Every structure is written in C-alpha cells, then in structure tokens.
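Please load the model in a viewer and keep the sequence panel open beside it. The tour below proceeds by selection, one region at a time.

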Amino acid sequence: MAWHEDAVLDLCTEKCKIERWFKSKKHHVALVLIDGKRFVAKIFSPEHPHGKENEARVLRLVAGQGIRVPKVVRETEAGLLLSYVEGRRVFDIFCEGNMEEKADACRATARWLADFHERLSSNGQLRGDPNLKNYLISPEGGEGGDDGGREKEDGGGGEETGGDGRSGGYGGKEEVWGLDFEEARAGEPLEDIGGLCAAILLGGEPFSSEKPALCECAVLEYAKMQGGEVANTDLDDPSLWLYTAKWIEYFAAWRSDREELMAKASVIRKMGYAAACGHRIGEGSL
Ligand SMILES: Nc1ncnc2c1ncn2[C@@H]1O[C@H](COP(=O)(O)OP(=O)(O)O)[C@@H](O)[C@H]1O
Ligand SMILES: [Mg+2]
C-alpha cells in the first residue's frame, strides 16, 4: 500500500472506504466514506511541511464565524480530515457555463471574499491561492453530504473540463464555499482581489474577450459588499492590476503556457487588464 493510502487509513481511524482521489499537484486528497458519510482526507506532501499547520490554523480561526469553509474533523501528523462540501467548482462553471452563470459565480465568489476579509480584518488575513478550483458552489447547506449525495462518478478523467463530475442547477439558493488555505498569510486585502481577477482571467479560456467584464463584475460586487467604501476596488486602479499581474506570474510557474502568461502579465503591469484586453470600463452589460 502506498504511504499516502496508509496515511488516509490512519487519519480516518474507523473503517473507511476511499471512494476516489481528487487531482492535486502537491498533495493527496481523497473522498472517503466513513459509516456511509462522506469526508475529505487531505494528506500533505512531506515536501511542504508547513502547509498542513497553516491550513488547519486558518480553518480553525474562521470556524464559527459564519464563513463557509470545511470543518476540521480530525488531524494527524500527515493530514487533515475535513467535512465534505458537495458542490460544483467555480472553475468548472468557467469551463462549461454560459456568461450569466459565470457572472453569477464571480459575484458569489467576490461576496465570499468580502466576508472573509471583513471577519478576519483584525488579523489582516489573506486567503492566498486564488485558483477557481478552490471555490465550490453548493446548494444551501451543502456540507457533509452522505452517500445519497448528488455527485456523479468522475469517470476517470477530464479534470480540465469539469473533471469532478459535479452538476449545477440545484434549483434553490446557491452558496460559495472556500477551500485550500495552506498559503493563507497576512497581507493587504487588495492582493486577494487582484488574485481573484487573475484567476478569472485564466479560468476556462485564458484572456477570452468577456474576462475583463467578469473581473469588473467581481470587483464591483466586492466593493458593494463593503458599502462601496473600500479604496482601490476600481478596475482602473493600477495597484489592483499590479497585484493581478503578480498572481498571473504565480500561476504561470505551474502551466505549460508559461511564456504567454508572463508576456501578458507584463502588458497588464504597464496598462491594466481592461486596456490590455481592449475593454472599456463600465462597457459590459453584466
Ligand atoms: N472539503 C472538501 N469538500 C469537497 N471537495 C474538496 C474538499 N477539499 C478538497 N476538495 C477537492 O479536492 C481538490 C484539491 O484539494 P485542495 O485542498 O484544493 O488541495 P490542493 O489544491 O493543494 O491539491 C479541490 O479542488 C476540490 O475539488
Ligand atoms: Mg487547491
């Protein structure tokens, strides 16, 4: 048995069944069944020894504050057992959804981020890694699905186009949940907003023509949540797009289109992403 499977069994303690593995670049993340109930076992790579402590710290910090994140159910040296959140990744909506779904997902994610910043403002806490795979959209109360949940089988592939096999259209109220806090750290909230814009620009088809309008949608919703009083949430503001360029460079390190992304980030640094993509602020009809 591979070491990470052993680590999952150790983390679950009771009899558990590994249903499937999520794709993870650095770690081993499994969907497990314990007594017919779903949980997520996240086993951290020994090459990133501080990731687990940091993720557990942030999840515990926000627990009970009304921010939608998984609960830490159990912890071992190797990993965290988390409550399972049933949902569709915002990333998948960007790959498969129509413009209205994407705009709704951007607004909902921006509201989650504004909530996170507001509750943790005294700590100046950033969420870090803004990848759209780190946000799930769930029906209301989407935590802790049992075996009768709506999730379909993965079918063994297609990670880049809805690989988690989750379907949308739950009918009722949908909510965003945030995942993956291993890179959370102290910083300026604007960095996270720039990160969300970078993730929007890259999610699905990178830099497609509707992206600046989707960034605008997210930024305006964030500002609205803050009573419109937060400085620098104007899409035209250089400090916002400098952070966006920085996050694009961060994502570039992991991707095969690295050179193109680095070139794009450098244009954004000079002129902003709206101008870089030929978009006029306020032009979108979203
Ligand atoms: N609590 C959870 N509920 C449902 N799915 C989860 C949960 N935690 C992780 N996942 C899934 O596993 C994937 C990888 O987990 P994540 O914590 O983002 O680790 P990493 O990105 O470091 O591999 C996520 O994109 C998501 O699809
Ligand atoms: Mg992740």
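Begin by selecting isoleucine 137, whose bridge partner in β9 is valine 176. The coordinates belong to a predicted model, and every stop that follows should be read accordingly.

**The three-strand sheet**

Extend the selection to strand β8 (residues 135–139) together with β9; the two pair in the antiparallel sense over five bridges. They belong to an open sheet of three strands in the order β6-β8-β9, with antiparallel pairing. Colour β6 (88–89) and β9 (174–178) next: these strands stand at the edges, each with a single partner strand, so one side of each has no neighbour in the sheet. Now add helix α4 (residues 99–119), which packs on this sheet and touches β8 and β9. The direction of α4 makes about 55 degrees with that of β9.

**The five-strand sheet**

Hide that region and display the other open sheet, which has five strands in the order β1-β2-β3-β5-β4 and antiparallel pairing. Which strands stand at its edges? They are β1 (16–22) and β4 (72–75); each has a single partner strand, so one side of each is left without a neighbour in the sheet. Viewed from one strand to the next, the twist averages 25 degrees. Helix α1 (residues 3–12) packs on the sheet, where it touches β1, β2, β3 (37–43), β4 and β5 (79–83). Relative to β3, the direction of α1 makes about 130 degrees.

Zoom in on β1 and strand β2 (residues 28–34), which pair in the antiparallel sense over six bridges. The two strands form a hairpin with five residues between them. Label cysteine 16 and its bridge partner in β2, isoleucine 34. Then label tryptophan 21, which stands opposite alanine 30 in β2.

Alanine 30 also leads to the next strand, since its label can stay on: this residue stands opposite alanine 41 in β3. β2 and β3 pair over seven bridges in the antiparallel sense. How many residues lie between the strands in the hairpin of β2 and β3? There are two residues between them, and in this hairpin aspartate 35 takes a positive phi near 50 degrees.

**The ligand site**

Select ligand 1 and expand to its surroundings: 18 residues surround it, and the closest are Phe22, Ser24, Pro70, Val85 and Asp180. Colouring the shell by class gives eight nonpolar, three polar and seven charged residues. Where does the ligand lie with respect to the domains? Domain 1 (3–83) and domain 2 (88–276) both give residues to the shell, so ligand 1 lies between them.

**The helix pair**

For the last stop, select helix α7 (residues 238–252) and helix α8 (residues 258–271). Their axes come within 9 Å and cross at roughly 170 degrees. The two helices are therefore roughly antiparallel to each other. Show side chains at the contact: α7 supplies Trp241, Leu242, Thr244, Ala245, Ile248, Glu249, Phe251 and Ala252. From α8 come Arg258, Leu261, Met262, Lys264, Ala265, Ile268 and Arg269. Coloured by class, the residues of this contact divide into 10 nonpolar, one polar and four charged.

Technical notes:
Residues are numbered from 1 along each chain as its sequence is written. Chains are lettered from A and ligands numbered from 1 in the order in which they are written. This is a predicted model: local features need pLDDT of at least 70, side-chain atom pairs count only at pLDDT 80 or more; totals for chains, interfaces and linings use all residues. Axes are lines fitted to C-alpha atoms, for helices over the stretch in contact, and angles run from 0 to 180 degrees between N-to-C directions. Helices (H or I, at least four residues) and strands (E, at least two) are DSSP runs, numbered from the N terminus. Angles under 35 degrees count as roughly parallel, over 145 as roughly antiparallel, 65 to 115 as roughly perpendicular and the rest as oblique. Two residues are in contact if their C-beta atoms, placed from the backbone, lie within 7 Å. Ala, Val, Leu, Ile, Met, Phe, Trp, Tyr, Cys and Pro count as nonpolar, Asp, Glu, Lys and Arg as charged, and the others, Gly among them, as polar. A residue is near a molecule or strand if its C-beta atom, placed from the backbone, lies within 6 Å of it. Domain bounds come from an automatic or database domain assignment. Two strands pair if DSSP finds at least two bridges between them.
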